[in-house]
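Student: I have a new structure open and I'm not sure how to read it. Could you walk me through it?

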Amino acid sequence: MPFSPLLPVHIAGGIVGILSGTAAMSFRKGSPRHALAGKVFVAAMLTNASAAVYLAVLKHQTNNIGGGILTFYLILTAWLTARRRDGETRVYDWLALLFPVVLGVLTWMNGIRVLRSGASSEDGVPVGMMFFMGTVMLLAAAGDVRMLLRGGVLGAKRIVRHLWRMCFGLFIATGSFFLGQQQVFPAWLRGSPALFIPALLPLVLLIFWVFRVWLSSTYRKKVLAAQSEAS
């Protein structure tokens, strides 16, 4: 495939997304620095995901097409969740719901097809990862359905929805870079288990922050107050 000018855009978006996402996770939630880093992260990740989908289409990489669309969907809905007031939804939320539903079903069907063929992976993607990603997609869809039927999300549920979608979007970026692009690292580091640490760290932080929000009413009040002041 000839060189695409979108490749540097994709790479730059991924690098800026990882750095700004890490910064957003490090700053106090609801603070001005967190908000600024979050805005940079959203812009970078939406750019990265859009370029990834285009490049994947050119290379006929079906799994990367789905991954790019999922990343775009997660980051966009997470950003909208933070921007809106409690209990606020839009008509186009029903359209957005179609993306995780279709992606989740297709990903599960593809995983089952690979298993029936006797293979354990396809295009370097383990079948277990297919089922994992497909399940996440369907869980995201279930969250959308619950939100729409209830007329929006309130309080801690809104914070959790924002946090897990942002963190999982960051995980897709770190996993793709540290595990999927090991050729950019020194030869002695390629294949090292040490690369799993930065790749999986967003998942660890996702679990930490979700439990902290759910279990700490004081923390929830602080974040909600900071978000109200920022808006």
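**Starting from one buried residue**

Tutor: Let's begin with aspartate 144, which is buried, with a relative accessible area of 2%. Keep in mind that this is a predicted model.

Student: Where does aspartate 144 sit in the secondary structure?

Tutor: Aspartate 144 is part of helix α5.

Student: And which residues does aspartate 144 touch?

Tutor: To read surroundings, skip the residues up to four places away in sequence and see what is left. For aspartate 144 that leaves Tyr73, Leu97, Pro100, Arg161 and Arg165. With tyrosine 73 there is also a side-chain polar contact, at 2.4 Å.

Student: Leu97 and Pro100 were in that list. Which residues of α4 are buried?

Tutor: Both of those are among them: the buried set in α4 is Asp93, Ala96, Leu97, Pro100, Leu103, Gly104, Thr107, Asn110, Gly111 and Val114. They pack against α3 (62-83), β1 (121-122) and α5.

Student: How do I compare the length of helix α4 with what is expected?

Tutor: Take the span from the first C-alpha to the last and set it beside the expected value. Helix α4 covers residues 92-116, 25 residues in total, and reaches 37 Å, close to the 36 Å expected at 1.5 Å a residue. Just after α4, glycine 118 has a positive phi of about 90°.

Student: What about aromatic rings? How many aromatic pairs are there?

Tutor: The structure has eight aromatic pairs. One of them is phenylalanine 132 with phenylalanine 168, a tilted pair with 6.0 Å centre to centre and 45° between the planes.

Student: Why does that pair tie together separate parts of the sequence?

Tutor: Look at where each ring comes from. Phenylalanine 132 is in helix α5 (residues 127-149) and phenylalanine 168 is in helix α6 (residues 155-178), so the pair ties together parts that are 36 residues apart in sequence.

Student: Are phenylalanine 132 and phenylalanine 168 buried or exposed?

Tutor: Check each one separately. Phenylalanine 132 is partly exposed, at a relative accessible area of 34%, while phenylalanine 168 is buried, at 3%. Ring pairs also link Phe132, Trp164, Phe168 and Phe171 into a cluster.

Student: Can a loop residue be read like this too? Where is leucine 195, for instance?

Tutor: Use the steps we used before: location, burial, then contacts. Leucine 195 is in the loop between α6 and α7 (196-215), and it counts as buried at 4% relative accessibility. Beyond its neighbours within four places in sequence, leucine 195 is in contact with Phe178, Leu179, Gln182, Phe185 and Leu189. The C-alpha atoms of leucine 195 and leucine 179 are 6.7 Å apart, although the two residues are separated by 16 residues along the chain.

Student: Let's zoom out. What is the pattern of helices and strands along the protein chain?

Tutor: Read the elements in sequence order and you get α-α-α-α-β-β-α-α-α-α. That comes to eight helices and two strands. The radius of gyration is 18 Å, close to the 17 Å that the globule rule gives for 231 residues, so the chain is as compact as a globular protein of that length. Along its principal axes, the C-alpha trace spans about 50 × 40 × 35 Å.

Student: And how much of the protein chain is buried?

Tutor: Buried residues make up 43% of the 231 residues. The accessible surface comes to about 12,900 Å², with 69% of it belonging to carbon and sulfur atoms.

Methods. Residues are numbered from 1 along each chain as its sequence is written. This is a predicted model: local features need pLDDT of at least 70, side-chain atom pairs count only at pLDDT 80 or more; totals for chains, interfaces and linings use all residues. Side-chain values use heavy atoms; hydrogens and water are left out. Rings of Phe, Tyr and Trp (its six-membered ring) pair if their centres lie within 6.5 Å; planes under 30 degrees apart count as stacked, over 60 as edge-to-face and the rest as tilted. Helices (H or I, at least four residues) and strands (E, at least two) are DSSP runs, numbered from the N terminus. Buried means under 20% relative accessible area, exposed over 50%, partly exposed in between (1.4 Å probe, protein chains only). The expected span of a helix is 1.5 Å times one less than its number of residues. Contact means heavy atoms within 4.5 Å. The radius of gyration is taken over C-alpha atoms; the globule rule is 2.2 Å times the number of residues to the power 0.38. Accessible areas come from the Shrake-Rupley method with a 1.4 Å probe; for residues, only the protein chains shown count as cover. A polar contact is a pair of N or O atoms within 3.5 Å; within protein, one must be able to donate a hydrogen and the other to accept it, and residues adjacent in sequence count only if both atoms are side-chain atoms.
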